[in-house]
Amino acid sequence: MAQERGSDPIDADEVDAIVQQWAVERPELDTLPMEVFGRIYRIARQMGDRVEESYARFGIGRGEFDVLAALRRAGEPYTLSPSRLSATLMLTSGGMTGRLDKLERAGLVQRVPDPGDRRALRARLTAKGREVVDGAVGAGLAEQAAVLSRLPERQRTELAALLRTLLAAFADL
């Protein structure tokens, strides 16, 4: 079943079925927000699963990737304090400790003394950790690019800009 949106025919999806049901039961409802956010949610969930599968090939999950990626993005010498990592990833200190323990056992991260505070430690990406995160980020981006390639480049750029604007709206709420 296809429907028209503007001038481009598109295949109906699960969200269309839900919206159609609401149109029958509550025809006065404006379901456009449901169409937008229902699809954003479904896309994020499916893409997240695909990306996580690509990370698994490197022996890590999404949570471990997030820590490794934060350290990698920090630049040389690829170190951050556990509290900075916790804040960046919105994790409790206990949650961060668990992730760091797992990554340290795998040889991807090591805890080193903080040069500014000898009572504190910092997490540092190891050479093996850098190799893993570099491979994983490339694989994850390839998965995302493969899905986005179904849109013309102009639409990909427009979509990114529209989503940036929509995300910024949350700052005003």
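In the predicted model, the protein chain carries 25 positive and 26 negative charges, and the mean positions of the two sets lie 9 Å apart. The accessible surface amounts to about 11900 Å², and carbon and sulfur atoms account for 57% of this area. Of the 173 residues in the protein chain, 25% are classed as buried.

The overall dimensions were examined next. For the protein chain the radius of gyration is 21 Å, whereas a compact globule of 173 residues would have a value near 16 Å. Along the principal axes, the C-alpha atoms occupy a box of roughly 65 × 35 × 25 Å. When contacts between residues at least 6 apart in sequence are considered, 45% of them connect residues that are at least 24 apart.

The secondary structure of the protein chain consists of 7 helices and 5 strands. In sequence order, these elements follow the pattern β-β-α-α-α-β-α-α-β-β-α-α. Three of the strands are described here in terms of their pairing. An open sheet of 3 strands is arranged in the order β3-β5-β4, with antiparallel pairing. Strands β3 and β4 occupy the edges of this sheet and have a single partner strand each, so one side of each strand is left without a neighbour in the sheet.

The pairing of β4 with β5 involves strand β4 at residues 109-114 and comprises 6 bridges in the antiparallel sense. The two strands β4 and β5 make up a hairpin, with 2 residues between them. Within this pairing, D114 is placed opposite D117 of β5. Further along, V112 has R122 of β5 as its bridge partner. On the β3 side, strand β3 (residues 79-80) is joined to strand β5 (residues 117-125) by 2 bridges, and these strands also run antiparallel. Here T79 faces R124 in β5, and L80 has A123 of β5 as its bridge partner.

The loop between α3 and β3 contains backbone features of note. Helix α3 spans residues 62-73, and P77 belongs to the loop that separates this helix from β3. The peptide bond leading from E76 to P77 is cis, with omega near 5°. Residue Y78 is located in the loop between α3 and β3 as well. For Y78, which is not a glycine, phi takes a positive value near 60°. The relative accessibility of Y78 is 9%, and the residue therefore counts as buried, the limit being under 20%.

A positive phi is also found at M90, where the angle is about 55° although the residue is not a glycine. This residue is situated in the loop between α4 (82-89) and α5 (93-105). With a relative accessibility of 76%, M90 lies over the 50% limit and therefore counts as exposed. The two residues with positive phi thus fall into opposite classes, since Y78 is buried and M90 is exposed.

Residue E104 provides a link between helix α5 and the hairpin region. E104 is part of helix α5, and its relative accessible area of 33% places this residue in the partly exposed class. Apart from neighbours within four places in sequence, the residues in contact with E104 are V109, Q110 and R111. Strand β4 covers residues 109-114. The C-alpha atoms of E104 and G129 are separated by 9.5 Å, with these positions 25 residues apart along the chain counted as their sequence separation.

The C-terminal part of the model was considered last. L173 is found in the segment that follows helix α7, which spans residues 153-169. The relative accessible area of L173 is 81%, and this residue is therefore exposed, the limit being over 50%. Between L173 and E143 the C-alpha to C-alpha distance is 33 Å, for a sequence separation of 30 residues.

Note on methods:
Residues are numbered from 1 along each chain as its sequence is written. This is a predicted model: local features need pLDDT of at least 70, side-chain atom pairs count only at pLDDT 80 or more; totals for chains, interfaces and linings use all residues. Side-chain values use heavy atoms; hydrogens and water are left out. Two strands pair if DSSP finds at least two bridges between them. Helices (H or I, at least four residues) and strands (E, at least two) are DSSP runs, numbered from the N terminus. The radius of gyration is taken over C-alpha atoms; the globule rule is 2.2 Å times the number of residues to the power 0.38. Buried means under 20% relative accessible area, exposed over 50%, partly exposed in between (1.4 Å probe, protein chains only). Contact means heavy atoms within 4.5 Å. Accessible areas come from the Shrake-Rupley method with a 1.4 Å probe; for residues, only the protein chains shown count as cover. Lys and Arg count as positive and Asp and Glu as negative; His and the chain ends are not counted. The place of a charge is taken as NZ of Lys, CZ of Arg, CG of Asp or CD of Glu.
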